Amino acid sequence: MRDAEEDIFFKGQPEQLYDHLTCPKTLMAFTTEEDAGAHCHPGAMRLSIARTYDWLDDTLAAAA
């Protein structure tokens, strides 16, 4: 799950979904300092995608 610091559209919803998931999960915080604080992280797409792929690598490796 991704949570943008200054998200004006879905503030609080990532945490709600995270709390209900029963699968492997991580709540990733994205900050304004990283240029990733806005909804969908438009200023930091590379950072967002890199964190997502890193999470997939770690999660899939642990499941193998």
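This report covers the fold, the charged contacts, the loops and the surface of one predicted protein model.

## Overall layout

The model is predicted. The protein has 2 helices and 2 strands. Along the sequence these follow the pattern β-α-β-α. Strand E1 covers 2–4 and helix H1 covers 13–20. Strand E2 covers 28–30 and helix H2 covers 45–63.

The C-alpha trace spans about 35 × 25 × 15 Å along its principal axes. The protein has 64 residues, and buried ones make up 19% of them.

## The salt bridge

A search of the whole structure returns 1 salt bridge. The partners are Glu34 and Arg51, whose side chains meet at 2.4 Å, N to O. Glu34 sits in the loop between E2 and H2 and Arg51 in helix H2, so the pair ties together parts that are 17 residues apart in sequence.

How accessible are the two partners? Glu34 is partly exposed, at 29% relative accessibility. Arg51 is also partly exposed, with a relative accessible area of 22%. The cut-off for buried is under 20%, so Arg51, at 22%, falls outside that class.

## Charges over rings

Arg51 has a second role in the contact list. Its charged end sits over the ring of Phe30, 4.5 Å from the ring centre. Arg51 therefore combines a ring contact with Phe30 and a salt bridge with Glu34, as the N to O distance of 2.4 Å is within the 4 Å limit.

Lys25 makes a contact of this kind too. The charged end of Lys25 lies over the ring of Tyr18, 4.4 Å from the centre of that ring. Pairs between aromatic rings are another matter: the count is 0.

## The loop between E2 and H2

Several residues of interest lie in this loop. One of them is Asp35, placed between strand E2 and helix H2. The phi of Asp35 is near 60°, a positive value in a residue other than glycine. Most residues other than glycine have a negative phi. Asp35 is exposed, with a relative accessible area of 52%. The cut-off for exposed is over 50%, so Asp35 meets it at 52%.

His41 belongs to this loop as well. Is His41 buried or exposed? At 4% relative accessibility, His41 counts as buried. The His41 side chain reaches the backbone oxygen of Ala36, at 3.1 Å.

Ala44 is another loop residue between E2 and H2. Ala44 is buried, with a relative accessible area of 7%. Ala44 and Thr31 are 13 residues apart in sequence, and their C-alpha atoms are 9.9 Å apart in space.

## A contact across the sequence

Asp7 lies in the loop between strand E1 and helix H1. Asp7 is buried, at 10% relative accessibility.

Which C-alpha distance links Asp7 to His39? The two C-alpha atoms are separated by 4.6 Å. Along the chain, Asp7 and His39 are 32 residues apart.

## Helix H2 and its nonpolar patch

Which residues form the nonpolar surface patch? They are Met45, Ile49, Tyr53, Leu56 and Leu60. Together they have about 480 Å² of accessible area. Ile49, one of these residues, lies in helix H2. Ile49 is partly exposed, with a relative accessible area of 41%. Patch members need over 30% relative accessible area, so Ile49 passes that limit at 41%.

Leu47 also lies in helix H2. Leu47 is partly exposed, at a relative accessible area of 28%. That value is not over the 30% required of patch residues, so Leu47 does not qualify.

Arg46 is found in helix H2 too. Arg46 is exposed, with a relative accessible area of 78%. Two C-alpha distances run to Thr59. From Arg46 the distance is 20 Å, across 13 residues in sequence. From Leu47 the distance is 18 Å, across 12 residues in sequence.

Note on methods: Residues numbered from 1 in each chain as written. Predicted model: local features only at pLDDT ≥ 70, side-chain atom pairs only at ≥ 80, totals over all residues. Heavy atoms only, no water. Helix = DSSP H or I, 4+ residues; strand = E, 2+ residues; numbered from the N terminus. Buried < 20%, exposed > 50% of the residue type's maximum accessible area, 1.4 Å probe, protein only. Phe/Tyr/Trp six-rings, centres within 6.5 Å; stacked < 30°, edge-to-face > 60°. Lys NZ or Arg CZ within 6 Å of the ring centre and 35° of its normal. Patch = residues over 30% accessible without salt bridge, like charges linked within 9 Å, V, L, I, M, F, W, Y side chains within 5 Å. Areas by Shrake-Rupley, 256 points an atom, 1.4 Å probe, with all protein chains shown as cover. Polar contact = N/O pair within 3.5 Å; in protein donor to acceptor, adjacent residues only side chain to side chain.
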